[in-house]
Amino acid sequence: MNCNIIKDLFPSYIDGICSEDTSSVVEEHLHHCEECRLYLEMMEQPTNNMLPEEVMVAKAPFKRINKKRRIQVFMSILLTFMLTIIGYQVVQNVGVVHNFFFPMNMTTVTVTDDKEEWHAVYFDNQEYFKFDSVFWNKEIVNDANNDGEVLLRIKDANGHVIVDEFHISPGKSKKLEGLKKNVNYYLEIKAKKGQFFINVV
């Protein structure tokens with residue numbers, strides 16, 4: 001029988017799923033054909049052993065490179081993780097760094113009477129605030145613990161109102177559109193008698 005036909009039967013023969021008649025034909029052919037016997041022996045060997053020695057030798061350097069590359073990737077991930085944790089701790093716990101990335105002006109305003117008057121708001125004994133970095137959100141927050149809503153407005157250094165009066169309820173904020181960096185702005189408040197915590201972030 002033709003060798004190519006016998007070779008096509010080898011997978012079934014090796015797995016033992018061909019009929020007895022087919023097995024007999026294959027074995028009879030193998031008895032007389034050395035080429036097919038060698039081919040069958042090669043097919044029955046584990047896949048790893050089928051690789052010529054030259055190929056295994058050629059692959060060895062690449063295995064070392066791949067191992068080295070995996071180590072480099074792992075070390076890069078580990079270093080990035082450690083730097084992230086350290087950076088987070090520095091930003092959160094080092095005051096100067098935290099204030100740089102998360103700037104905030106906090107102040108307390110005490111209104112002693114119910115007169116409808118505007119009162120200047122001071123931040124750290126200064127009557128103005130300014131956005132001196134790119135990390136400001138440019139928002140004014142009426143603290144959630146305040147007694148009620150407040151009415152606010154913003155003036156420039158010449159006393160001109162540049163942001164008309166606006167209400168902010170406790171726990172709410174107001175985005176300050178159009179205010180520039182490194183310019184002194186003056187905040188004024190009008191509210192009922194009480195104590196109010198105002199934050200500029």
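Which residues have the most contacts inside the largest nonpolar core? The close-up views below take up that question and a few others, all in a predicted model.

**View 1. The largest nonpolar core gathers 23 residues.** Phe129, Ile140, Ile154, Leu187 and Ile189 are the ones with the most contacts inside this core. Strands S1 (105–111), S4 (150–155), S5 (161–168), S7 (186–190) and S8 (194–200) are the elements that give two or more residues to it. Another core, of 8 residues, lies apart from this one, and Ile6, Tyr13, Cys33 and Cys36 are among its members. As a reminder for both cores, nonpolar side chains tend to be buried together in soluble globular proteins.

**View 2. Ile189 and the residues around it.** Setting aside neighbours within four places in sequence, we find Ile189 in contact with Val109, Glu117, Trp118, His119 and Val121, and also with Val150, Leu151, Leu152, Phe196 and Ile198. One of these, Leu152, stands opposite Ile189 in S7. Ile189 is also one of the residues with the most contacts inside the largest nonpolar core.

**View 3. An open sheet of 4 strands, with S7 between S2 and S4.** Follow the strands across the sheet and you meet them in the order S2-S7-S4-S5, with antiparallel pairing. The edges are formed by S2 and S5, each of which pairs on one side only. On one side of S7, 2 bridges join it to S2, and Ala120 has Glu188 in S7 as its bridge partner. Between S4 and S7, which also run antiparallel, there are 5 bridges. S7 itself is mostly covered, with 4 of its 5 residues buried. Strands of a sheet pair through backbone hydrogen bonds, either parallel or antiparallel.

**View 4. Helix H2 and its two sides.** Here we look at residues 20–32, the 13 residues of H2. At 1.5 Å a residue, the helix should span 18 Å, and its end C-alpha atoms are 19 Å apart, which agrees. Ser23, Val26, His29 and Leu30 are buried. Seen down the axis of H2, the buried residues fall within an arc of 130 degrees, so they line one face of the helix. What do these buried residues pack against? Their packing partners are H1 and helix H3 (34–44). On the other side of H2, look for Glu20, Asp21, His31 and His32, which are exposed.

**View 5. Lys7, a lysine in helix H1.** Is Lys7 buried or exposed? With a relative accessibility of 19%, Lys7 counts as buried, because the cut-off for that class is under 20%. Helix H1 covers residues 3–15. Not counting residues up to four places away in sequence, Lys7 touches Glu35, Cys36 and Tyr39. Of these, Cys36 is also among the residues of the core of 8 residues.

**View 6. Two residues with positive phi in the loop between S2 and S3.** Asp124 sits in the loop that runs between strand S2 (119–120) and strand S3 (139–142). Its phi is near 50 degrees, a positive value in a residue other than glycine. Asp124 is exposed, with a relative accessible area of 65%. Lys138 lies in the loop between S2 and S3 too, and its phi is near 60 degrees, again positive in a residue other than glycine. Lys138 is partly exposed, with a relative accessible area of 24%.

**View 7. Stepping back to the whole protein chain, with its 5 helices and 8 strands.** Read along the sequence, the chain follows the pattern α-α-α-α-α-β-β-β-β-β-β-β-β. Of its 201 residues, 25% count as buried. The accessible surface comes to about 14300 Å², and carbon and sulfur atoms account for 54% of that area. How are the contacts spread along the sequence? Among contacts between residues at least 6 apart in sequence, 71% join residues at least 24 apart.

How values were computed: Residues are numbered from 1 along each chain as its sequence is written. This is a predicted model: local features need pLDDT of at least 70, side-chain atom pairs count only at pLDDT 80 or more; totals for chains, interfaces and linings use all residues. Side-chain values use heavy atoms; hydrogens and water are left out. Buried means under 20% relative accessible area, exposed over 50%, partly exposed in between (1.4 Å probe, protein chains only). Contact means heavy atoms within 4.5 Å. The expected span of a helix is 1.5 Å times one less than its number of residues. The arc is that of the directions from the helix axis to the C-beta atoms. A nonpolar core is a set of buried Ala, Val, Leu, Ile, Met, Phe, Trp, Tyr and Cys residues joined through side-chain atoms within 4.5 Å. Accessible areas come from the Shrake-Rupley method with a 1.4 Å probe; for residues, only the protein chains shown count as cover. Two strands pair if DSSP finds at least two bridges between them.
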